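Work through the exercises below with the structure open. Each task is followed by its solution.

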Protein chains: 4
Amino acid sequence: MSRPRAREAGVRFGSLSTGKKNSIADVAGVSVGHSTLRRGEGKLVVGEGPVRTGVTVVVPHEGDLFRRPVKGAYYSLNGCGALIGALQIQEFGLIDTPIGLTNTMSICAVGEGLVRYTMDRNPLAGVEEDTIIPIVSECDDSYLNDARGLHVRPEHVFEAIGNASSQVEEGSVGAGTGMVCHDFKGGIGTASRAIDIKGSEYLLGVLVLANHGNRNDLLVDGVPVGRLLDTLDPKRKEMGSIVTIVATDAPVDARQLKGLAKRVSMGLGMTGSCAHKGSGDIMIAFSTANVHDRRQTDKHIVTDKLLVDSEISNLYRGVVDATAESVTNALFKAETEKGRDDQIAPALPLEPTIEILKAHGRIE
Amino acid sequence: MSRPRAREAGVRFGSLSTGKKNSIADVAGVSVGHSTLRRGEGKLVVGEGPVRTGVTVVVPHEGDLFRRPVKGAYYSLNGCGALIGALQIQEFGLIDTPIGLTNTMSICAVGEGLVRYTMDRNPLAGVEEDTIIPIVSECDDSYLNDARGLHVRPEHVFEAIGNASSQVEEGSVGAGTGMVCHDFKGGIGTASRAIDIKGSEYLLGVLVLANHGNRNDLLVDGVPVGRLLDTLDPKRKEMGSIVTIVATDAPVDARQLKGLAKRVSMGLGMTGSCAHKGSGDIMIAFSTANVHDRRQTDKHIVTDKLLVDSEISNLYRGVVDATAESVTNALFKAETEKGRDDQIAPALPLEPTIEILKAHGRIE
Amino acid sequence: MSRPRAREAGVRFGSLSTGKKNSIADVAGVSVGHSTLRRGEGKLVVGEGPVRTGVTVVVPHEGDLFRRPVKGAYYSLNGCGALIGALQIQEFGLIDTPIGLTNTMSICAVGEGLVRYTMDRNPLAGVEEDTIIPIVSECDDSYLNDARGLHVRPEHVFEAIGNASSQVEEGSVGAGTGMVCHDFKGGIGTASRAIDIKGSEYLLGVLVLANHGNRNDLLVDGVPVGRLLDTLDPKRKEMGSIVTIVATDAPVDARQLKGLAKRVSMGLGMTGSCAHKGSGDIMIAFSTANVHDRRQTDKHIVTDKLLVDSEISNLYRGVVDATAESVTNALFKAETEKGRDDQIAPALPLEPTIEILKAHGRIE
Amino acid sequence: MSRPRAREAGVRFGSLSTGKKNSIADVAGVSVGHSTLRRGEGKLVVGEGPVRTGVTVVVPHEGDLFRRPVKGAYYSLNGCGALIGALQIQEFGLIDTPIGLTNTMSICAVGEGLVRYTMDRNPLAGVEEDTIIPIVSECDDSYLNDARGLHVRPEHVFEAIGNASSQVEEGSVGAGTGMVCHDFKGGIGTASRAIDIKGSEYLLGVLVLANHGNRNDLLVDGVPVGRLLDTLDPKRKEMGSIVTIVATDAPVDARQLKGLAKRVSMGLGMTGSCAHKGSGDIMIAFSTANVHDRRQTDKHIVTDKLLVDSEISNLYRGVVDATAESVTNALFKAETEKGRDDQIAPALPLEPTIEILKAHGRIE
């Protein structure tokens, strides 16, 4: 029996409506794919395992991203983490490769995979056309995974992209396989909101790779569930990171997308995070509107239709609420994982959690 | 009968201890002063009132700040607001005048007051020594106040500094006189935390000028009190701003202080804000440690004793929790205010709020 | 006899063509106005003078800027200086008041002048509409001026705006009255370039308030004229600041304008600056293209026609060359000024300078 | 016969003294190593060559950098380029791996090499201790090199580090093998300055990987040599990038190092660059002072002795001049290189260049 998502269990996150799938893939064209590496048990033997890691890719649209990039931005709440491609995102306000997520010391393997994938689709890149800078971020899964073994290889990127679909798998999967969140098993979570702006509907989705926080701080719908749960003490000393990706079809540019990325902080605050030192809290945001072919060299002007700033607040609200829901979904969906040296990340105990929420009037 | 602070009413904000006064003035040397301008009633006559505004100053230490500046940083979550002095804070990582808070169009009056005040104490400034750039931030109180009347003048800065003490008055006072928060009366709030780092105790305090948010979003200890209260509909259409000041005696430098300032976002998230467009969300942080005399020109090296980054997390937790408590204190302490054109910002109804919190298991 | 501009004396700055007036006012709609305060001689008596200061305003277009702001950005190479309005420029990517320049401790007087001027033109601002945050930057003229006297008052802003025209006066005028550049008399300088992009012509203009550098470092067209001139030793110990304003009619947005602002650094490098500590090096850039009425609230989308990034290089080249020319124009045009306590900023000696340039093959 | 460095040919860059070697390795402990990949000729066959590329590493000190990181900062003048590790440098103000330079699409190979090298020296990294994020930047050498062939592999990092010494080879070597600068052959250049601050001497060195600019813009000591040279027309249409590394033993922290990094822009301006679009202009700066063991967990405070800001100007001057000299050295030292498809980057013709400089009075 699969575990429920938070909303299926009755938890609510604000008053905006979700998209149909309540996932980042509610934004038309966005797909997500995983490559999960899970093998071996018991004592760590570097290079042999146990392996609890993987790759997750978020693909902004099905076309040739290198030729038709989407508007993009990033924000670093806490830079104890890596984002290959950060400077170029900032400079041009664009995302021009799929976004790869993995464990910290595998960012280069994933980066090389994205370069090879993009070269395959662009035979002139690096000859007559520009060279390719990949976009990769990460969290540290070394509590469960043989991180020094560098088990992720470039081909896992091809596999993850091959698996990409609009049905987003959550929990202990892909890059999320070895992640721990508020001392429970974490990983991938997603949510979305349908945003009304003067009668037009826009979709906004969030996906997190959640590997952050300690138990004491965890809030579910404002209730300190972490402190109230009667469970074993957490073992992990280091507190990890969270990477968040925000997607929307609203016509916002890089400046506005950076504003969306910054609001992720507020959703993390709602679930109890304080972005501990040691935690890389990195946010990437993109919009699928106003996509242009950048090889079209006959004209020097493009036309963008852009949202006026005075109407952006509902997108901000959507980011905050969908972030809180995504983190909670990662916790609700992930199953207990035993990793290297038999270290365990226990699943969030669902029934006690729901009891606590009922006792606090948060679930009817 | 004075209204209680949130903690006096039984609300808790995380598990860290507060300082003795639970205010920014728990940080030794820090004082806060107000100059409150409240006169007139009824219909707005520009230049005549009604006046509902003022000045609040946060003074980092009692000595000559221009000569002995404190380490400082700022962060702009949402730059729909002003911070005179921002570039210089960023460049040198220092705060070298008292920090003035007021209404938006009075920042220049307050800035000139700070320049005059600092000149008085530094007779060579602007002749043989450097010129003075003041530090001023603001929120928009024009819902209640005759903002176009520019009633705040430089002398109110002298009055506010003269009033500065370690007993911080909260609510509808000083710069907070005309402010509205989550559609209730807002203004000044403060809180503090005592932070243990390897056996040493540091103090960290927060002060907010709260003028942001709408009722629908308000959370008190995680409970959507704004939606649950059975009160009149809010009238204010525009959603305002919040300025937050973080003070500590922990030995952190500008880089680390910027990290503290960024965490304020997460505390705002906990109280329901999404930093609406139109809201300037500006954070200033300073440390009273490692203060040097900058006219001491016989040597070119100073010695700083600095906190190692790996031990900073409790300060981050303290910022988040004390921010949430400060916003809530502003709401708990502020009395109903009727301003220009009889527009009203109603006080947060305390008894119904406490009933709701009890019903949700948040107050015993 | 008026002193010549650098180009009239035969100096060249790169290979791009200038606009017709070789000034920032070549960008259609841009005007510049000065209010010059020059009175008294001899020993400093604070509050009485001597006064050598003023206000300069750059007005992006003749219409209502508050209602129809231009795209804008700023960059701080060295933040030892003030820019009131910085956070709001960054947040919205807009300039919505005239840009005021003055001496350091008069920024608040100029800011209040801009607020009053904008209120006069917008009777609902601060009542039914947004409050006003002015845009003001500064350099320190206290070597020549009674800076502590705060002689600039809000009414000088009205005077400067009243004087604004497309004929830009250079040298020791307006905010430039008391400024010193590379130990010679500095002040206001301007230049422009006509930029061809795929057959379309765009104008780009630069204006500087030059108060920076020491004599030893000065380069004119690459020649170390400062070191080669046989003149009296400089007296000023402190090295000041430079504020640069870049205007263009090319359709660039805030992200691209920040790129233009950053290139100013390279033009300053060409004239010998290293942005000494103590020097605030602040750049503001705006584009007069894509102006929208922000009170037009019936629609939530605007249409911008934007330059593609791949065609922006000529604008960058134009900024660098026009910056170098503007600084040199400030030096060529400014007359010797004797200020407080008979301190002197000597004009750049033109004939020896031209002799040196001829000897180095830079002027025929 | 080896080509001379610029200073050996009589060119001067400002009035500060150089260090003994006039290289980045004048900063005690700093070493530089290259791994050069040069094989094949003629028509491009992807994966087979011709290969004109390599790796250059700058090693801040001989010890264990991961355990004893140096203070560091970066600045992006133009972010059309990659810097793996950027966010972590910004967050902690530290450099904790050697800095790797290579071609654009090889950053991940070099990053993986740095991770493996650091793991070898830190057997607990990624198990009990933190995971490793490498620091890598790049320029695009695809005009001469089979960039799509991804010929650089992680083992070349080990080779480059093995080759690291305090004798810095310049020109067409290591990462510089395939680089083109102002349409002449570019690559690696370096220079240094000895900086007196109140009687104490500090060393400051610069190293560039120069792959930027067009011929028309090239300035040598202020003279437009590029325009004055009577040579063949340049073929390369795309204008590339420049990565600059600044090292010093002056006791400056991350905030101050960012100031040094920003001044690189001004040195690039002096040599004629305007940071064309398509050019990634990335600067990294580090200080070897105030190094602490970050595993020393018994105390939470470290003591730093830091330069006061008022004495930093000579370091700024040093950065600007040494940057200009480093770029010129790259041009003076690099030999003509013929690469893929027989595309040629001609060496800067030295005798004509020197003739031009003599004719303009810049060399005696």
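The model is predicted.

**Exercise 1.** Find how many residues each chain brings to the contact of chain A and chain B, and how much area is buried.

Solution. Start with the residues: chain A gives 36 and chain B gives 36. Next, take the area. About 2800 Å² is buried between chain A and chain B. Carbon and sulfur atoms give 53% of that area.

**Exercise 2.** Describe the polar links across the interface of chain A and chain B.

Solution. Apply the salt-bridge rule, a side-chain nitrogen of Lys or Arg within 4 Å of a carboxyl oxygen of Asp or Glu. Two salt bridges are found across the interface of chain A and chain B. One of them can be checked directly: B:Arg317 meets A:Asp217 through their side chains, at 3.2 Å from N to O. Then count polar contacts. Between chain A and chain B there are 18 residue pairs, both residues being at pLDDT 80 or more.

**Exercise 3.** Which elements of chain A each supply at least two residues of the side that touches chain B?

Solution. Three elements of chain A qualify: strand 3 (70-79), helix 5 (254-270) and helix 6 (313-333). Helix 5 of chain A supplies the largest share, seven residues. Now sort the side of chain A that touches chain B by residue class: 12 nonpolar, 15 polar and nine charged.

**Exercise 4.** Work out how chain D is related to chain A.

Solution. Superpose chain D on chain A. A rotation of 180° does it, with 0.0 Å of shift along the axis and an RMSD of 0.0 Å. The two copies are therefore related as by a two-fold rotation axis. In chain D, the C-alpha nearest this axis belongs to D:Cys108, 2.2 Å away. Finally, compare surfaces: 100% of the contact residues of chain D recur in chain A, so the same surface serves both copies.

How values were computed: Residues are numbered from 1 along each chain as its sequence is written. Chains are lettered from A and ligands numbered from 1 in the order in which they are written. This is a predicted model: local features need pLDDT of at least 70, side-chain atom pairs count only at pLDDT 80 or more; totals for chains, interfaces and linings use all residues. Side-chain values use heavy atoms; hydrogens and water are left out. Contact means heavy atoms within 4.5 Å. Buried area is the accessible area (1.4 Å probe) that two parts lose on being put together, summed over both. A polar contact is a pair of N or O atoms within 3.5 Å; within protein, one must be able to donate a hydrogen and the other to accept it, and residues adjacent in sequence count only if both atoms are side-chain atoms. Helices (H or I, at least four residues) and strands (E, at least two) are DSSP runs, numbered from the N terminus. Ala, Val, Leu, Ile, Met, Phe, Trp, Tyr, Cys and Pro count as nonpolar, Asp, Glu, Lys and Arg as charged, and the others, Gly among them, as polar. Copies are superposed by least squares on the C-alpha atoms of residues with pLDDT of at least 70 in both.
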